[in-house]
Amino acid sequence: MLAYSFLVSTGPAKVSSVLTPENYNTVLATPAYLTILARTVLITAESVPIALILSYPISYYIVRTQSSLARRSLLVVVVSMFFVSDIVRAYTFIPLLGRDGILNQVLSLLGLPHFPNLYSSTSIAIGISNFLVPFAVLVLLGSLKAIDPNLEHAARSLGAGSIRTFIQITFPLSLPGIAYTTIICIALSMGAFVTPLILGGGYILEISNFIYTQMTANFDYPLASAASFLLLSVTFILSFGLSKYFQRNLKEKWGV
Amino acid sequence: MLDKTLRICSLLFLFFAVAFILAPVLLVIYIAFLPQIGVLDPSPGFTLEWFTKFLSDPVFASAVTVTVELAIIVGAVSISISLLTGYVLTHFEFRGRGLIDSILIAPSAVPGVVKGMGLLLLFSLIGLQNSFDQLILGQVMISLPFGIISIVPSYISVDKSLERAARTLGATELQTFTGVVLPLIKPGILACAIFVISISVTDAATTVFLANAQTTPLAILLLSWTSVTPGNEFAAISTLLVAATVVVVLAVEKFVGLEKLVGGLYQ
């Protein structure tokens, strides 16, 4: 493991045997490549919040529901989707979002404008948030489970309504879990390969697809290495920056 | 009153969230049984034609063979290494343990494509040419961190005094391991096996770098089929894969309990 991370980082020098920042310059100075990088970050910025908003209620319900049947069936659904191949998960959106897909049929029935194009950043963002939800649910589950339900009972018995209990007790206590989940989701989304490949239709590339093409079609190992290293750095900066931000703000604002 | 409206709203939202992850899959399962490609105006009736079509395809059969062989070998190797590593990590204190911990955790945050590229460069550097060997080594490397992460919690949960008791009563370290520890960490081994094998079967981002035309695992075949096979046929393949996954998950739920399985993820 160490060996290859080392290898990746010294990749640009491996072929030419001279260390040169040229590949990084190429990536950073070519607008087309920068677009790909920006698109990857943008799709991550869209899909991670969507995934979090959708997975929170699922996790919360699994942790708090009294019904064992409901909890277990939800877990079966989430865990099954967790293990189903991302190829299948991404593919399922083609008949849904395609030109004659279900969504457009429903939209035209309602007299609304069509979903413009299957192969687009929007589709990729939808596909990635769908892919992230099971991960987020399972990770959030741990932090929600750790919250003592007695704290909520206490708030309720002291006269707080259910909204107030949630906003002032449950939500702040789950913030560290949300922060952790966000960081995991960012890493997963930045590195997504299969979903943009299938839902981008080969035209809309994310950085992973760019790396793959450079490696296998153009055999430009140094450029691919430089792009990989950029991807790693951006992911690292995003997650490290966010975790610092969370650490500082969680302490200040919520005391957790 | 307000409370009731709120409850209904949150249940609706929950329903929407579950529908978001479930509906596309259900739609594809439905399409798999339709006789023609369009969903728009399906002619009445259902068919199994798409299932027989890919099941009788020799390319599909050979991809399944590669995937099964890989899963067995990668599973055996990764599970054994995870067992040993987990034991060492939980039983010995030594210098550099923190370093090993972070080396084990870090790769799970590295994008699959970057791992695949690194492995490809590494293999060309050391002159490992056989694609199947590359796949085995590569998949062991990418699945190990997850295997170890899922097995360590069950090692930690084993009461150390049980092991001490066995040792005091004259058992060797190996006897203690096989007689006391191993039966207690069975759920952890199962979790480890499921994670490792599912990575080996479904990973595409790293595997795509190591496969070639002669050695194509199922995931890579599917990746190339998404654009070329008729929609219904791909839907049929997806249906089969989803069904297989659900069967395994239900079996685990019945015999072990899912909470135990996924517990390792967030500890």
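**Close-up views of a two-chain predicted model**

**View 1. Contacts of A:Ile87.** Leaving aside neighbours within four places in sequence, A:Ile87 is in contact with A:Val194 and A:Ile198. The list continues in chain B, with B:Ala204, B:Ala219, B:Leu222, B:Leu223 and B:Thr226. Every position here belongs to a predicted model.

**View 2. The largest nonpolar core.** This core has 131 residues. Which members touch the most other members? They are A:Ile87 and A:Leu132. Helix H9 of chain A, residues 121–145, supplies the largest share of the core, with 15 residues. A:Ile87 also appears in View 1, where its contacts include B:Leu222 and B:Leu223.

**View 3. Where chain A meets chain B.** Chain A brings 57 residues to the contact, and chain B brings 57 residues. Which helix of chain A gives the most to the side that touches chain B? It is helix H5, residues 68–83, with eight residues. On this side of chain A, 42 residues are nonpolar. Another 12 are polar, and three are charged.

**View 4. The fold of chain B.** Chain B has 13 helices and zero strands. From the N terminus on, each element in the run is α. The C-alpha atoms fill a box of roughly 75 × 70 × 30 Å along the principal axes. Chain B has 267 residues, and 40% of them count as buried. Now take the contacts in chain B between residues at least 6 apart in sequence. Of these, 78% join residues at least 24 apart.

**View 5. B:Thr65 in helix H3.** B:Thr65 sits in helix H3 of chain B, residues 58–91. Is B:Thr65 buried or exposed? B:Thr65 counts as exposed because it has 12 C-beta neighbours inside 10 Å, and a residue with 12 or fewer is exposed. Now look along the chain to B:Thr216. B:Thr65 and B:Thr216 are 151 residues apart along the chain, yet their C-alpha atoms are separated by 9.5 Å.

**View 6. B:Ala193 in helix H9.** B:Ala193 is found in helix H9 of chain B, residues 186–202. Why is B:Ala193 partly exposed? B:Ala193 is partly exposed because 18 other C-beta atoms lie within 10 Å; a buried residue needs 20 or more, and an exposed one has 12 or fewer. Not counting residues up to four places away in sequence, B:Ala193 touches B:Gly75 and B:Ile79. B:Phe146 is 47 residues from B:Ala193 in sequence. Their C-alpha atoms are 9.9 Å apart in space.

Technical notes. Residues numbered from 1 in each chain as written. Chains lettered and ligands numbered in written order. Predicted model: local features only at pLDDT ≥ 70, side-chain atom pairs only at ≥ 80, totals over all residues. Core = buried A, V, L, I, M, F, W, Y, C linked by C-beta atoms within 7 Å. Helix = DSSP H or I, 4+ residues; strand = E, 2+ residues; numbered from the N terminus. Contact = placed C-beta atoms within 7 Å. Nonpolar A, V, L, I, M, F, W, Y, C, P; charged D, E, K, R; others polar.
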